[in-house]
Amino acid sequence: MSSRTADVVICGAGIAGISAAYYLTRDSAVRDVLLVDEGAPLSLTSDKSTECYRNWWPGPGEAMVSMMNRSIDILDHLADESGNLFHLNRRGYLFTTANPERINDFRTQAEEAASFGAGPLRIHDGISHGSPYTPAPAEGYRNQPTGADLITNQDLIRTHFPYLAEDTVAVIHPRRCGWFSAQQLGMYMLERARQNGARLIQGRIDAVHVSGGRVSGVEIAGESGSQVISTRHFINAAGPHLKSVGRLIDVDLPVFSELHAKISIRDHMGVFPREAPLLIWSDPQALTWTEEEREMLRETEDTRFMLDPFPQGVHARAEGSADSPIVLILWTYHTEPVSPTFPIEVDPFYPEIALRGLARMLPALEVYFDRPPRPHIDGGYYTKTEENRPLVGPLPVEGAWVIGALSGFGLMASPACGELLSKHIADTDLPHYAPWFQLSRYEDPEYIALLKSWEQTGQL
Ligand SMILES: Cc1cc2nc3c(=O)[nH]c(=O)nc-3n(C[C@H](O)[C@H](O)[C@H](O)COP(=O)(O)OP(=O)(O)OC[C@H]3O[C@@H](n4cnc5c(N)ncnc54)[C@H](O)[C@@H]3O)c2cc1C
């Protein structure tokens, strides 16, 4: 067993750990940062995501919008600095509905988001005389509107989104949103952190030493045996293993995990709109089956659920360059908590269900019903708190910190959360949203009362 030292040891080189290393080495002059991961960097959850971002978040309070706005400012800055190495775009998210009663919800959500600083709501109903609707460019991220466009004018919907189901009555298009390459952003930040002195080693952290109530070291099991690293700061950035790594210092983190899968298909018939924003169907639905198919599905317990109503939220986007045929599709219809195990096990019917659900919004996809393209399936866990807000800040053991519970927003939130954690550790001025994300919020009776009436979690 060899013995070494580090100022800070980070457990996990996913986007959260890397972002923390980037900010610690850049802003707080803590150069001696050791990232430890049992696998390759970014390879557990951070490279499985849909890679989308948005400043469109519900309350209570404006903490999520403020933090995401900060993250998007950082993404813009990093894109400028790197020549947009990670292909940041600003196509927006497009929430769509065939239910006239949803229009009011869209409007209320947009007004709430606007009051939190997400930008103004513009209404395009063919009656009001506001500014004209400006479509989003497929590439680029600068000089785009913020806020959201609510479109109920049918001609406008058909002109700009001709691919949507004919009975679509409204769309809302939040604009400070889009996607980017998570792998390239993560590797860019990792390289910068390394240039500033951070080190990365492969191994599994399976013990954290605490002496006199303060972190004093970690034990790492690697291919060449075990080693102890003396350190006064330990960051839990273990993603889906946040809870078990928390137990290494006897801290029970209030998180659980849901399995979220994603399929990628080759749209060889070229029916998916490649220039579109992220497309989301906001209505629950029942899948369309022939009578013969219904008969078959009714036969077994395993397949009967496919005749039941499915929740809202199937979503998809084009992946890759303009001439790539790849489309990503997601639809989480089972959200019960599970214990994270790898490799993930996905419902064998998931690809067909996701494709059929998406065809409700994009009927041209029905061409694939008889011969669905062979899907590539991956995914991972949304590890989250009950109200779907992150954990960033100190833990009850001195010198122990957390950056996690990043749920389905870890890529978009990590730049701001990494910066926030580095400010905590360096003991510099914290942004106003910091208390909303600390573990200690659960000791505040006002917050506990708020949790009881919490409505929207903002999860897609
Ligand atoms: C299907 C899907 C779609 C998603 N879409 C989006 C999206 O569109 N936008 C968005 O912002 N987010 C999205 N997310 C969420 C996002 O991917 C996660 O929030 C984010 O990747 C979490 O990053 P992390 O660094 O916390 O975890 P991870 O990437 O899982 O990294 C944790 C690391 O810790 C390591 N580790 C754990 N325990 C130990 C130990 N004891 N010793 C050593 N190493 C250890 C693991 O090996 C792992 O590499 C999506 C997630 C999924 C699953």
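Student: What covers the buried residues of α2?

Tutor: The cover includes β4, α3 (102-115), α5 (182-195) and α10. Please bear in mind throughout that this is a predicted model.

Student: Which residues of α2 are the buried ones?

Tutor: A residue is called buried if 20 or more other C-beta atoms lie within 10 Å of its own. In α2 the buried residues are Met 64, Val 65, Ser 66, Met 67, Met 68, Asn 69, Ser 71, Ile 72, Leu 75, Leu 78 and Ala 79.

Student: How should the span of α2 be read against its 20 residues?

Tutor: One compares the expected span with the distance between the end C-alpha atoms. At 1.5 Å a residue, the 20 residues of α2 should span 28 Å, and the end C-alpha atoms are 28 Å apart, so the two values agree. After α2 comes Gly 83, which has a positive phi near 70°.

Student: Which residues have a positive phi without being glycine?

Tutor: Leu 42 is one of them, with phi near 70°. Ser 407 is another, with a positive phi of about 45°. Leu 42 belongs to the loop between β3 (33-37) and β4, whereas Ser 407 is found in the loop between β23 and α10 (410-426).

Student: Is Leu 42 buried or exposed, and is Ser 407 buried or exposed?

Tutor: The answer again rests on counting C-beta atoms. Leu 42 counts as buried because 23 C-beta neighbours lie inside 10 Å. Ser 407 has 22 other C-beta atoms within 10 Å and is therefore buried.

Student: Where do the cis peptide bonds at Pro 60 and Pro 343 lie?

Tutor: Here the angle to read is omega. The peptide bond that joins Gly 59 and Pro 60 is cis, with omega about 10°; Pro 60 sits in the loop between β4 (52-54) and α2 (63-82). The bond from Phe 342 to Pro 343 is also cis, its omega being near -5°, and Pro 343 is part of the loop between β20 (326-330) and α9 (350-361).

Student: Which strands are joined to β23 by bridges?

Tutor: To read a pairing, one notes the direction of the strands and then the residues that stand opposite one another. Strand β22 (residues 391-394) runs antiparallel to β23 (residues 400-404), and four bridges join them. Leu 391 has Gly 404 in β23 as its bridge partner, and Pro 394 stands opposite Trp 401. Strand β14 (residues 234-236) runs parallel to β23 and is joined to it by three bridges; there Phe 234 faces Ala 400.

Student: What lies between the strands in the hairpin of β22 and β23?

Tutor: Five residues lie between these strands, and in this hairpin Gly 399 takes a positive phi near 85°.

Student: Why is β23 described as largely enclosed?

Tutor: Five of the five residues of β23 are buried, so the strand is largely enclosed by the rest of the structure. Both faces are covered: Ala 400, Val 402 and Gly 404 are buried on one side, and Trp 401 and Ile 403 on the other.

Student: How many residues does the largest nonpolar core have?

Tutor: In soluble globular proteins, nonpolar side chains tend to be buried together. In this model the largest nonpolar core has 127 residues, and those with the most contacts inside it are Val 9, Ile 10, Ala 20, Ala 21, Val 33, Ile 329 and Leu 358. At least three residues of this core come from each of domain 1 and domain 2. Leu 358, for its part, touches Val 314, Ala 316, Ile 329 and Leu 365, leaving aside residues up to four places away in sequence.

Student: Where are the two domains along the chain?

Tutor: A domain may be made of separate stretches of sequence. The domain assignment gives 2-51 + 182-254 + 387-452 for domain 1, and 93-176 + 257-384 for domain 2. Their C-alpha centres lie 32 Å apart. The contact between them takes 13 residues from domain 1 and 14 residues from domain 2. The side of domain 1 that touches domain 2 has four nonpolar, eight polar and one charged residues.

Student: Which residues does Asp 7 touch?

Tutor: Residues apart along the chain may meet in space, and Asp 7 illustrates this with Val 33: their C-alpha atoms are separated by 6.0 Å, although the two are 26 residues apart along the chain. Not counting residues up to four places away in sequence, Asp 7 touches Val 30, Asp 32, Val 33, Thr 231 and His 233. Asp 7 lies in the loop between β1 (2-5) and β2 (8-11), and it counts as partly exposed because it has 18 C-beta neighbours inside 10 Å.

Terms used: Residues numbered from 1 in each chain as written. Predicted model: local features only at pLDDT ≥ 70, side-chain atom pairs only at ≥ 80, totals over all residues. Domains from an automatic or database assignment. Contact = placed C-beta atoms within 7 Å. Nonpolar A, V, L, I, M, F, W, Y, C, P; charged D, E, K, R; others polar. Core = buried A, V, L, I, M, F, W, Y, C linked by C-beta atoms within 7 Å. Buried ≥ 20, exposed ≤ 12 C-beta atoms within 10 Å, placed from the backbone. Pairing = 2+ DSSP bridges. Helix = DSSP H or I, 4+ residues; strand = E, 2+ residues; numbered from the N terminus. Expected span 1.5 Å × (residues − 1).
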